Amino acid sequence: MTAKDYSFTPTTIDLTAGKTVTISATNDGAAKHNLTIKGLKVSVELPPGSTKTATVKGAKAGTYEFHCEYHPTQMKGTITVG
Ligand SMILES: [Cu+2]
């Protein structure tokens, strides 16, 4: 996924339950961003120009919210695990 000032692309992501998934996030913007996924223990800092990965192991089926801690009202989305 990509973070750019001030949105994530895509804003909806589908994952398969019970699998180990690596999420790669790139900050293509000029501002500092962050990727936090509530309920999946993901919180990665994304300085401008950086790419970071987060591994999610065996997520349970459900809907999880993700956002940027610096711009939580603008930068957010949903991960559906099913
Ligand atoms: Cu941000």
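This passage describes the fold, the core, the copper site and selected residues of one protein model.

The model is predicted; local features require pLDDT of at least 70, side-chain atom pairs count only at pLDDT 80 or more, and totals for chains, interfaces and linings use all residues. Residues are numbered from 1 along each chain as its sequence is written, and side-chain values use heavy atoms, with hydrogens and water left out.

The protein contains zero helices and nine strands. Helices (H or I, at least four residues) and strands (E, at least two) are DSSP runs, numbered from the N terminus. Along the sequence the pattern reads β-β-β-β-β-β-β-β-β. The radius of gyration, taken over C-alpha atoms, is compared with a globule rule of 2.2 Å times the number of residues to the power 0.38. For 82 residues, a compact globule would have a value near 12 Å, and the protein agrees, with 12 Å. Its C-alpha trace spans about 35 × 20 × 20 Å along the principal axes.

The accessible surface of the protein is about 4,600 Å². Carbon and sulfur atoms hold 50% of that surface. Accessible areas come from the Shrake-Rupley method with a 1.4 Å probe; for residues, only the protein chains shown count as cover. Of the 82 residues, 40% count as buried. Buried means under 20% relative accessible area, exposed means over 50%, and partly exposed lies in between (1.4 Å probe, protein chains only). A contact is defined by heavy atoms within 4.5 Å. Among contacts between residues at least 6 apart in sequence, 61% join residues at least 24 apart.

The largest nonpolar core has 23 residues. Such a core is a set of buried Ala, Val, Leu, Ile, Met, Phe, Trp, Tyr and Cys residues joined through side-chain atoms within 4.5 Å. Met1, Phe8, Ile23, Leu35, Ile37, Phe66 and Ile79 touch the most other members. Two or more residues of this core come from each of β3 (12-15), β4 (20-27), β5 (33-37), β6 (42-46), β7 (51-57), β8 (62-67) and β9 (76-81). Beyond four places in sequence, Leu35 touches Met1, Phe8, Ile23, Ala25, Val42, Ser43, Val44, Leu46, Phe66 and His67.

A copper ion is held by four protein donors: His33 (ND1), Cys68 (SG), His71 (ND1) and Met75 (SD). These donors lie 2.0 to 2.5 Å from the ion. Donors are N, O and S atoms within 2.8 Å of the metal (3.2 Å for Na, K and Ca); water is not among the atoms, so sites may look incomplete. The site is tetrahedral, with angles of 92 to 129° among the four donor atoms. Four donors count as tetrahedral if all angles lie between 85 and 135 degrees. The donor residues are spaced H-x34-C-x2-H-x3-M in sequence. Both His71 and Met75 are buried.

Two further residues touch donors of the site. His67 sits in strand β8 and counts as buried, at 13% relative accessibility. Outside four places in sequence, the contacts of His67 are Phe8, Asn34, Leu35, Thr36, Lys38, Pro72, Met75 and Lys76. Asn27 belongs to strand β4 and is buried, with a relative accessible area of 1%. Its contacts beyond four places in sequence include the donor His33, along with Ala3, Leu46 and Pro47. Asn27 and Met75 are 48 residues apart in sequence, and their C-alpha atoms are 12 Å apart.

Lys19 lies in the loop between β3 and β4. Lys19 is exposed, at 51% relative accessible area. Among residues over four places away in sequence, Lys19 touches Val56, Lys57, Gly58 and Ala59. A C-alpha separation of 18 Å is found between Lys19 and Glu65, 46 residues apart along the chain.

Some backbone features remain. Most residues other than glycine have a negative phi, and most peptide bonds are trans. The bond from Asp5 to Tyr6 is cis, with omega near 5°. Tyr6 is in the loop between β1 (2-4) and β2 (7-9). The bond from Thr9 to Pro10 is also cis, with omega near -5°. Pro10 falls in the loop between β2 and β3. Lys41 is not a glycine, yet has a positive phi of about 55°. Lys41 is placed in the loop between β5 and β6 and is exposed, at 86% relative accessibility.

Conventions:
Four donors count as tetrahedral if all angles lie between 85 and 135 degrees; four count as square planar and six as octahedral if opposite donors are over 155 degrees apart and all others between 65 and 115; anything else is irregular.
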